[in-house]
Each structure stands twice: as structure tokens, then as C-alpha cells.
Amino acid sequence: MVTASPASPASDAAASLLAELIAHGIRDIVIAPGSRSQALALAATRLARQGAMRVHVRIDERVAGFTALGLSRETRVPAAVICTSGTAAANLLPAAMEAFHSGVPLLLLTADRPPELRGVGANQATIQPGLFDPFVRLSLDAPVPGDGSWDGLAEKAVAAAMGADAAPSALPGVAGPVHLNLPSREPLSAGHGEESPVIQGSAPKGEPGEPFLLTRGLRTVVIAGADAGALAEEIAHAGTWPLIAEIVSGARYGRYIVHGYREMLRDDILGGRIQRAVVLGHPTLSREVTALLRRDDVQVVAVRSGGEELNLNGRTVAVASVTVAPGEADRFWMGAWMEASAASVVDLSEAAPDQEGLASTDFAERRDAVRAELEAVRRPLDRELLVDAVWRATWPHDRLMFGSSRLVRVADAVLGGKKVPVHSNRGLAGIDGTISTAMGIALASQAEGAAGVTRVLLGDLAFLHDVGALLLPPDEQEPRIQVVVGNDGGGTIFDSLEVASSAPREDLDRAFYTPHTTRLEQLALAYGWTYQRITTRAALDQALTTPVGGRQLIEVPLPR
């Protein structure tokens, strides 16, 4: 029988640190189990029993890191992730990098060996201090409990994660990850008597910056990249300027949204005459936007949003916020863009059921609707129909997460305007952690009362890359989530890249497309998810709009 030590400085320090985090607004902690981190984990579960915080357990540190990232993405308040020492800490690096480049607050709490066990060949000990330094706003190697105190660490960490002054290289006012390396000696945990009350605090807030004045007179476009949010639409509306909004921006709606923007940016009359681009978020989905932001003859004003300033042309003006000067709008400039936009709308409505026609009492109208419905049923699903169905099924009370797959580029090219909460890991545009991030988004939004469904749209390789995220502890509340996998049997995103025309077909297939024959149904069964394989638009619409509850995997076979 194992008995707890009667006294443990590690336990006392962990309890004090987490109580202080709660006092500064932290509500979510993700735990990856481990021995060296046991004091932190036990303090978290004890606080969860008191209702002071929400605890989520994941056996894979990379999944844990991205789950915490998703929680933070949705709430804009840092979630904390706890892990043990060694390679466990290294597995948090991808989520830390994404949080840094996306400007998402995140707390990395890594347990560690004490200094005397570092660099001497001790088990599960490596060089953890500074492990995340290029990607964190603050990095602290705490003293060993008993040698020093952890008091005040939480306040510094939360403030830095929310954008307060931290590392000299950190951009002021921009949120990001913070690393607390927490060494301890044995005994690593101890028994606890009466549980102390927790001081409840308010959610932390970032510091506002001075707004930059956008004057009139320049032919301007507003570019909304990933995470731009509603502010991009507000600026476009205030300035009466065309809004080029990526599908992952959360700003693809409003009167001034531009459809088919890629072609217009290539046009000399429209894109060629742009004098100023106001950029919010991180644009990553089109070469045309990148080319515009590199031009020497375009004044680029970029609102800071991630750990690196956007400066592709070497003279971009980086600002904390913007405001629009009063004055007359350039109606001719705006009119030219809106006319071209109207002509570029992609109409996929014929693929959707005509509900009014099907219910009509007029025989001819109902007959035509039935005929159209049958044609739609017979038509195999393609990428355009898939993204359209998911977009149409999603509403403001839902959440939509795009993976960095070929499908997000198709969605960006064909989908119209709609005000829905959209997420994506476009800080580094990686495919890892997509499902984990979406799980965090679902858990956070539904904990705060959102009544909808979180949908994830991704390709088969992005799905397989994060398949461990399908595992959920049986004692945790199931989120309402639909993972929609467009399965074309490999990485066909490489079709549009240079390698497709330069590599031998055999090498392209083996090293880039990486074809597979994975049975997604068997994976769903193993992890306890409901599963549907869908091949028609009508069946897809029904599956998306009548969710069965809990965790749902929808596979849509697509042509190679």
C-alpha cells in the first residue's frame, strides 16, 4: 500500500499557484498524466471538485496542448496545460508555436527535475528551461518549492499571456503563450485535509493600444486574414472600402464583402490600382494577397495580431488598432469592386433542396422540385458541394473549424458571406492538432452556454494526423461535435503546388500524396464515435442539420 507523505512543499506550491491562477481569471486546465507533475494534477482535480475550474484530461501531450489552444481560442482567456518532464514537454511545442503566431493566450506548465538532477544523466531529465523561448511572451524557470516561492508567478504569467510587457522581443498588446517550468523534489504529493476556499477572480483583459488614423483619399482595400473577426467588417463599413475576407477570418459578411477576390487582385483596373491595404488577422490562403502585400507601391497598415509583425514589403506600418477618419467615400472605387464582385458570385444553390417547391400545392412546381431533387441525389459529392453543405448548415450559435487541407482553399474560393464563428490554425497553417483544437473550442463554447454544434471540416491526412484527439475520458462531458472528413485517399493539396509539375509521378504519389486505405469506420468504433459514410448531398444535408448528439464522425468520399 502506498501512503502519502505528511508534508510536501511541491503540493503546497502547486495548490497556491493554481488558486492564484483562478484568482486571475483562469477557468480551464488540461492535464496530461505524469509522475513529476502529480502535485499540479492533484491540485487541479481538487479545485475542479470545488467547481472552481474545469479540468480536461488527455493522455497525449500534443493533443493536450492543442485542446488547451482550442479552449483559449474560443474564450480569449488563457487555458493552462500541465505535463510531466522530458519529451512530454517537447510535445507542447507545436501548440505553443501556433499560439505564438496566432496571438492566442496559453499557459504551459511543465513539471521538471530539480537543478541537481539536470545534466547528470538522471531519468526523464532534459533541458527544459528556455525550451519554448522563441515562441513565448514570458519564460520562467521557477525555484524548487522550499528553496523559493511560486507566489506571484500566476499574476505575471496571465498578464504576459494577455499581452502585457514581457520578453523584450514580445510585441506589446499581443496575446501569446507563456512557459512556467516548475521543478520539484520528492515527496511530489501529500495527503490533504480540509480544502481551502478558492478566491474567484474576473477574466483577464489585454491592454488597448493607441488607434492609428486611416485618412481618406487613398484607394483602399481591407484584408481580413485568419482571426480578423468582426473588426475587419466594421472598418470596411466605416471607410466604405472593399472587404477581402478569407473564409477563416470570421469577417466574411456585410455589404462590402468581395466575391472572387483572387481574380480581381490580378486585374490591373482593380488590384493594380490599390494604393493602401489595411490588414487584420493573418492572411495565408491566396498567393494574390501575398503578392499585393509585397508591392512597393502599396501602403500596408497591419493591425498586430500574432507574435510576428506582418511586413512582407519591408515598410509595412504595424499598429495596435485603427480608426477611420470622417469624410467622403470614394463611390467610384467602391462601385467598381462591388460590380465585379456581383459578377463573381458562385451559385451552388441548385445543389440544395428546394424546400418550398417540394412542399408546394402546385403540381408543376412540385414536379420540377422533385426532378431537381432526384438529379441532386444522383450527383456525386465533390469538394464544392461538401464545403457548401457545411457552410449552409452552420449558424451563429454553432462553431466551425477548418483544417489546413485542400478543402479550406475550395471554401475560400466558392463560399459567400455569412456571419458565423469560424476558427482555424492558420498561424503556421499546419495540419496537426485540428481535431484537438476543435474539441477545446466545443468544450469552451458549450460550457459558456452555446446551444449549437461545433463542426470540423478537414481532409483525411489532417484527420489521421490528429486521430488521438478522438479519445475522450468516459467521465468527462461529451461535446456536441461533428468531424466531417473529405476523404480523397491522400494529400491532394499538393496538386496545386510546384512539386506536382516537377516530381516524377511515382515519387509524388509515395512521398507527397501518401495514399492510404485506412478504415475510418473502424477508428470511429474504437474511439466510441458515431459514424456515417455519406455520398449524396441530400444525405449530407440531413446528417449535418439533424445531429445525433455527442461525437459524430462523417466521412465523405471524394474523387482523387
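**Note on a predicted chain**

1. The surface that the chain exposes comes to about 23,800 Å², and carbon and sulfur atoms supply 53% of it; such areas come from the Shrake-Rupley method with a 1.4 Å probe, and for residues only the protein chains shown count as cover. The model is predicted, so local features need pLDDT of at least 70 and side-chain atom pairs count only at pLDDT 80 or more, while totals for chains, interfaces and linings use all residues. Residues are numbered from 1 along each chain as its sequence is written, and side-chain values use heavy atoms, with hydrogens and water left out.

2. The chain contains 20 helices and 19 strands (DSSP runs numbered from the N terminus: H or I of at least four residues for helices, E of at least two for strands). With a radius of gyration of 25 Å, close to the 24 Å given by the globule rule for 560 residues, the chain is as compact as a globular protein of that length (the radius is taken over C-alpha atoms, and the rule is 2.2 Å times the number of residues to the power 0.38). Along the principal axes, the C-alpha atoms fill a box of roughly 80 × 55 × 55 Å.

3. Of the 560 residues, 52% are buried (under 20% relative accessible area; exposed is over 50% and partly exposed is in between, with a 1.4 Å probe and protein chains only). Among contacts (heavy atoms within 4.5 Å) with a separation of 6 or more, 74% join residues 24 or more positions apart.

4. The largest nonpolar core has 37 residues, of which Leu107 and Leu182 touch the most other members (a core is a set of buried Ala, Val, Leu, Ile, Met, Phe, Trp, Tyr and Cys residues joined through side-chain atoms within 4.5 Å). At least two residues of this core come from each of several elements, including β1 (28-31), α2 (38-49), β4 (106-112) and β6. Helix α1 gives the most, with seven residues. Beyond four places in sequence, the residues that Leu182 touches include Leu17, Leu40, Leu109, Trp150 and Leu153.

5. A second, separate core has 32 residues, among them Leu285, Leu348, Leu400 and Leu407. Leu407 is also one of the buried residues of helix α14 (residues 406-414), together with Val408, Val410, Ala411, Asp412 and Val414. These buried residues pack against two helices, α8 (261-266) and α13 (383-393), and against strands β9 (243-245), β14 (399-402), β16 (454-459) and β17 (481-487).

6. The loop between β6 (177-183) and β7 (211-214) holds Ser184. Ser184 is buried, at 3% relative accessible area. Apart from neighbours within four places in sequence, Ser184 has contacts with Ala10, Arg36, Asp112, Pro114, Val144 and Pro145. Pro187 lies in the loop between β6 and β7 as well, and the peptide bond that leads to Pro187 from Glu186 is cis, with omega near 5 degrees.

7. Two residues deserve a check of their backbone angles. Asp227 is not a glycine, yet its phi is positive, near 70 degrees; Asp227 sits in the loop between β8 (220-224) and α7 (230-239) and is partly exposed, at 28% relative accessibility. Thr240 also has a positive phi, near 55 degrees. Thr240 belongs to the loop between α7 and β9 and is buried, at 9% relative accessible area.
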